[in-house]
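Colleague: Before I use these labels, I would like to see each one set against its cut-off.

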Amino acid sequence: MRKELIQRAKNLLRAGYSVIPVQGNNAPGEPKKPAVSWGAYQRQLPSESDIERQFGKKVTALGIVCGRISKLLVIDFDDLLRYQRFCRHLPQYSETYTVKTKRGFHLYFRTAERVPSHQFDGGDIKGEKSYIIAPPSQIGRFKYRCVKDVPKITLDKGDVDRLLNYFHVDSACDEVSGKRIRDGSALDLRRLYQRLAARIGRNNALYRAASAAREWEIAKERAERELIELHVRAPSHPSHKYEAGRERMEEGLRTIDSAYRNKTSGRSTSGIPNSVRERLLNAQGSTAMARLLDIFVLAGWQADAYFTATDAIRVAERHGLNRKSVLKALTGEYSTYDGRQIISRRYVEYLDIEGLNSRKRGRPVELAFRVPAMSRLLGVLNVGRSPSDRMRFEDLKSAKSYRLAVHREYIRRLAPRSSLKTLARRLGVHERTVRRYNRALEVQLTACVGRLKLTRDVVATLPKRGWGARKNTTGGFWLESAGGTRLPAWRHIGAKLLNAGEKEAQICARLSSLFRLGGDVKDAVQFERMNAGQFARLAQMRSGGRGGLIGRLEGAVESLRRRSSGARYERIQLFFENVASRIADDKVSETINGYLVAYDGAGFEVRRPARRGIGYRMLKEYGNGNVYLALRSAYKDVVMSLARHALRAGDAEQGFDLLARTMA
């Protein structure tokens with residue numbers, strides 16, 4: 001071991017590195033402590049005779065002094081998830097000489113720049129006045145080894161700034177309440193402009209970068225100083241006309257000025273799709289999962305990045321979401337929808353440079369979660385793609401503020417014609433709560449009433465008063481005489497009005513109200529014309545008693561639920577090609593909503609937990625295609641819910657079509 005260390009140290013010395021001996025196993029309490037006083041080697045290189053003398057028999061490790069003496073900068077990742085994100089976000093810097101450490105990786109870079117040593121969230125940057133343990137050092141039973149034997153990347157000043165800004169901005173995104181966010185010192189406008197220009201063009205990139213600078217409260221003069229020079233030198237599209245440098249500079253200044261003039265109150269950003277928010281609020285009756293997903297977006301977490309529960313709790317608590325709610329969203333009652341994990345999770349034994357690897361057997365050591373991509377959210381929740389209303393930091397502080405913000409943005413964006421019941425269903429609350437929200441937001445409500453002239457032909461569409469029906473009311477519609485008198489809209493009353501010579505009588509029906517945010521209401525009631533067909537459909541939908549359309553639907557749904565109250569399973573045939581898509585990679589929960597089943601040679605049924613690895617083993621044992629995934633059927637419940645919603649919204653054709661599917 002000593003000869004190997006001495007030879008390695010001499011080779012590093014000849015390559016221009018300052019090396020020192022490290023105690024290693026000679027001092028189990030301080031294995032990474034230098035075996036010599038190493039202050040002098042921060043300013044000068046040792047000689048080969050120094051190396052022969054200093055590396056004793058018990059020394060099992062060597063160190064390399066970082067900084068300008070060795071022209072070496074090392075990024076020390078102790079958090080393996082953070083290293084994985086770095087490789088995905090900055091792949092051009094990940095392909096450098098890499099050493100595997102006990103907890104993570106060392107990435108080596110050559111640079112003549114002076115970089116102070118400091119920490120970041122998940123590791124250290126080793127520069128001046130620091131050293132690192134190098135291969136083939138051994139501490140305990142672990143031996144440092146090279147896992148990427150490629151040339152070290154040489155960094156200039158711009159590259160060093162880009163790397164340091166990456167760690168600072170990334171940390172600031174996690175620490176949204178810290179000083180670094182408020183003063184905007186962590187935002188690298190140049191890097192942001194270059195990244196955007198490659199995707200959306202230089203003019204759009206300039207406006208977006210200036211808007212980001214404005215929202216991060218960066219002075220306009222600094223934005224002009226950092227962006228204008230880049231904008232002038234950026235290559236234009238070949239199809240664009242030629243612009244002189246002065247013209248481009250003036251145009252850029254006008255663009256930045258426009259971005260700063262369009263200032264909004266408070267920093268905000270888009271989040272998850274509205275359809276995802278509404279499905280979660282309606283299905284779970286809680287804001288925990290929706291708020292957590294929006295927090296991921298606000299904190300700058302990238303899709304498919306891995307994180308731990310501690311990471312999520314630390315960031316969520318800064319936004320007002322407590323630890324208990326985060327755990328419920330990650331592993332508790334709000335973590336699933338229709339039996340599927342919303343945020344996928346798995347136990348991992350270690351992370352290598354290629355990402356997650358769980359092929360090794362043994363006791364799991366860490367539970368990792370994965371930030372869901374939007375495509376996964378849409379698929380798991382079975383909703384369509386939709387726009388995303390902008391959320392602000394203060395909107396996430398509580399369940400009430402979040403629901404209030406979702407309601408506010410919906411009213412502002414669409415000024416919808418809707419019922420209170422529909423608005424309440426979106427938010428997963430009672431209608432009384434929606435009324436309180438409307439008062440708090442000063443929502444202006446306009447009642448809409450449809451009118452139809454009463455004639456002999458139209459009288460036939462009026463409902464008959466059945467046995468047990470209320471005598472003096474017809475819900476949602478009424479008759480109105482020329483003098484303004486209101487009467488129940490029964491068929492016999494309409495016939496009496498016509499027989500009495502009432503030619504100006506009208507049928508009135510209450511339509512969905514119109515909601516607006518702010519402004520003055522011109523009319524408290526808005527009248528609209530209505531034809532006989534529209535009224536007939538409304539009357540059918542609102543007819544009283546169990547004989548109405550809604551009553552028939554509810555009876556059919558209840559009957560179907562009674563028939564399917566037992567545990568019913570649907571079987572899906574498995575092949576080697578579709579196991580990965582049919583069985584989630586979750587290794588945490590036991591089989592609850594399904595199981596694997598096969599038949600042995602004697603015809604007996606063999607059941608196993610629905611896990612991916614078990615599925616592959618059963619296919620090898622019983623043959624490709626002879627294994628089935630039995631899932632608890634929840635499809636019909638979903639379709640029945642959609643049918644109920646369609647019929648209540650007035651779309652009878654779609655509602656009965658959906659209901660027919662459940663009966664098939």
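Modeller: What follows takes the labels for burial, ring pairs and charges over rings in turn.
Modeller: This is a predicted model, in which local features need pLDDT of at least 70, side-chain atom pairs count only at pLDDT 80 or more, and totals for chains, interfaces and linings use all residues. Residues are numbered from 1 along each chain as its sequence is written, and side-chain values use heavy atoms, with hydrogens and water left out.

Colleague: Why is Cys66 called buried?
Modeller: Buried means under 20% relative accessible area, exposed over 50%, and partly exposed in between, with a 1.4 Å probe and protein chains only. Cys66 has a relative accessible area of 2%, so Cys66 is buried.

Colleague: And what makes Cys87 count as buried?
Modeller: Its relative accessibility is 16%, and therefore Cys87 falls under the 20% limit.

Colleague: How many disulfides does the structure hold?
Modeller: Zero; a disulfide is a pair of cysteine sulfur atoms within 2.5 Å.

Colleague: What makes the pair of Phe296 and Trp301 stacked?
Modeller: Rings of Phe, Tyr and Trp (its six-membered ring) pair if their centres lie within 6.5 Å; planes under 30 degrees apart count as stacked, over 60 as edge-to-face and the rest as tilted. The structure holds eleven aromatic pairs. For Phe296 and Trp301, the centres are 4.9 Å apart and the planes 10° apart, so the pair is stacked.

Colleague: Why is the charged end of Arg426 said to sit over the ring of Tyr410?
Modeller: The term requires NZ of Lys or CZ of Arg within 6 Å of the ring centre and within 35 degrees of the ring normal. The charged end of Arg426 sits over the Tyr410 ring, 3.8 Å from its centre.
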